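User: I am new to this structure and would like a close look at a single part of it, the largest pocket. Please take me through its lining and its surroundings with care.

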Amino acid sequence: MNKKRLIIDDTFYVGCNDRKIELFENIYPLFKGVSYNSYLIIDNKTCLLDTVDLSKEHEFVDKVQDVLGERKLDYLVIHHMESDHSASIKRILELYPECIVTLTNKAKEMFYNFNSIELKNYMIVKENDILNLGKHSLTFIMAPMVHWPEVMVSYDNYTKTLFSADAFGTFNCLDGNLLTNKNDFKDNFLFEARRYYCNIVGKYGLQVQSLLNKASKLEIKNIFPLHGPLWNQDLDYIIDKYNTWSKYEYEEKGVLIVYGSIYGHSENCANLIGDYLAENNIKNIKIYDSSRIDKSFLVSEAFKYSHLVIVASTYNLGIFTPLEEFLLDLKYHNYQNRIVGIVENGSWSPTSMKLSKEIFVFMKNINVLEESFSFKSSVKEENKNDIENLVNKIVETLK
Ligand code: FEO
């Protein structure tokens, strides 16, 4: 049995929670699952917006059938062809073969590539095309690379709702309440929303900026994404977060220290840097062991804070692998506009300073501090000045 969830005039939520999933995209660990959102508008014409992951197909189809009742499905709009939203299209088309699939040309190609069948009833839409449903009409807005090339979003001119695809999405299931606001979001979603944004969409800041620019010309009263809670108030808050993240600006002044330590000596150095920063009244300090935390959390924290310090052990003439993977992930996600300190540890042939710089050089506007330094095997009294110099420079640049 399912409860019909009317969220705004004639618009029902027919999405599903997935609490069993452990790795989103088989890479990002989830602790409170994820929701696959889908919406169904019942007007003169009926229109389903996206589908859900295969794992939730049965529940999803039940919900769609419950809301449709005796009505047929007239349109299925595909905003995004990634499988977490498109895997149940085939089943919907088996049940409602007359329905017209409304999608971009690129999405149609992708549908074939994923399913090995051609769509029969479809309508290709482009920028600003309008689909009339009765009272409601959907204007389509192209949003390529937010987060795949075929992506579009749509705007319901009647309810002034932006159906935003992956944009404004977040990890975490919806525990009954579908709508959020600034305070609820801060308490229950912000940490995971940042991790979702940085890791899933973070690489595509320019394209997100382009979508925000288009959205700024619309009167938007609601934002309904494909993951996570729905917004009908405090829209400025989440739009401002997206603006900050997509411009690669920091949210908070603070120092993220990430170390790669084999026997604890680089860890000791990271702790010392934290101690010296704290003695200088720096409150916002976070220290992480790259061996002990998934990289997606580190990338998210790096996007949040203004400063990054890495303490990098040399390992097999390279950077200790967990830390190297974090640095490469920063590069892959277009990390930029930050102040970085590098501390190298090496017992006989240190390489991690040179190799770390070679990774950072590919990132835009990364200021690697000249006060970066090396030590051999363990921190000693003779390294105290180096630590103080680096900390003093960080404190100066934090002000
Ligand atoms: Fe939630 Fe890019 O799919």
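Analyst: A strand, in the sense used here, is a DSSP run of E with at least two residues, and strands are numbered from the N terminus. With that in hand, and bearing in mind that this is a predicted model, we can turn to the largest pocket, which holds about 340 Å³ of space. Its lining is made up of 17 residues, and those that lie nearest the centre of the pocket are Ile262, Ser313, Thr314, Ser347 and Trp348. The largest share of this lining, 3 residues, is supplied by strand β21, while α9, which covers 265-279, and β21 each contribute at least two residues. In character, the lining divides into 12 polar and 5 nonpolar residues, with no charged ones.

Two of the names above lead on to the surface. Ile262, one of the residues nearest the centre of the pocket, also belongs to a nonpolar surface patch of about 360 Å², which Ile262 makes together with Tyr263 and Tyr315. Strand β21, which spans residues 305-315, is where Tyr315 is placed. Tyr315 has a relative accessible area of 34%, and because partly exposed covers values between 20% and 50%, Tyr315 counts as partly exposed.

For contrast with this open pocket, the structure also holds 1 cavity of 30 Å³ or more, and the largest cavity has a volume of about 60 Å³. The lining of the largest cavity divides into 5 charged, 3 nonpolar and 1 polar residues, and its largest share, 3 residues, comes from helix α1, residues 57-68.

Terms used. Residues are numbered from 1 along each chain as its sequence is written. This is a predicted model: local features need pLDDT of at least 70, side-chain atom pairs count only at pLDDT 80 or more; totals for chains, interfaces and linings use all residues. Side-chain values use heavy atoms; hydrogens and water are left out. Patches are made of residues with over 30% relative accessible area and no salt bridge: like charges are joined within 9 Å, nonpolar side chains (Val, Leu, Ile, Met, Phe, Trp, Tyr) within 5 Å. Accessible areas come from the Shrake-Rupley method with a 1.4 Å probe; for residues, only the protein chains shown count as cover. A salt bridge is a side-chain nitrogen of Lys or Arg within 4 Å of a carboxyl oxygen of Asp or Glu. Helices (H or I, at least four residues) and strands (E, at least two) are DSSP runs, numbered from the N terminus. Buried means under 20% relative accessible area, exposed over 50%, partly exposed in between (1.4 Å probe, protein chains only). On a 1 Å grid over the protein atoms alone, a cavity is a set of points where a 1.4 Å probe fits but cannot get out, and a pocket is an open set with protein on both sides within 12 Å along at least five of seven lines; lining residues have an atom within 4 Å of a point. Grid points are joined across faces, edges and corners, and a volume is the space filled by probe spheres set on the points. Ala, Val, Leu, Ile, Met, Phe, Trp, Tyr, Cys and Pro count as nonpolar, Asp, Glu, Lys and Arg as charged, and the others, Gly among them, as polar.
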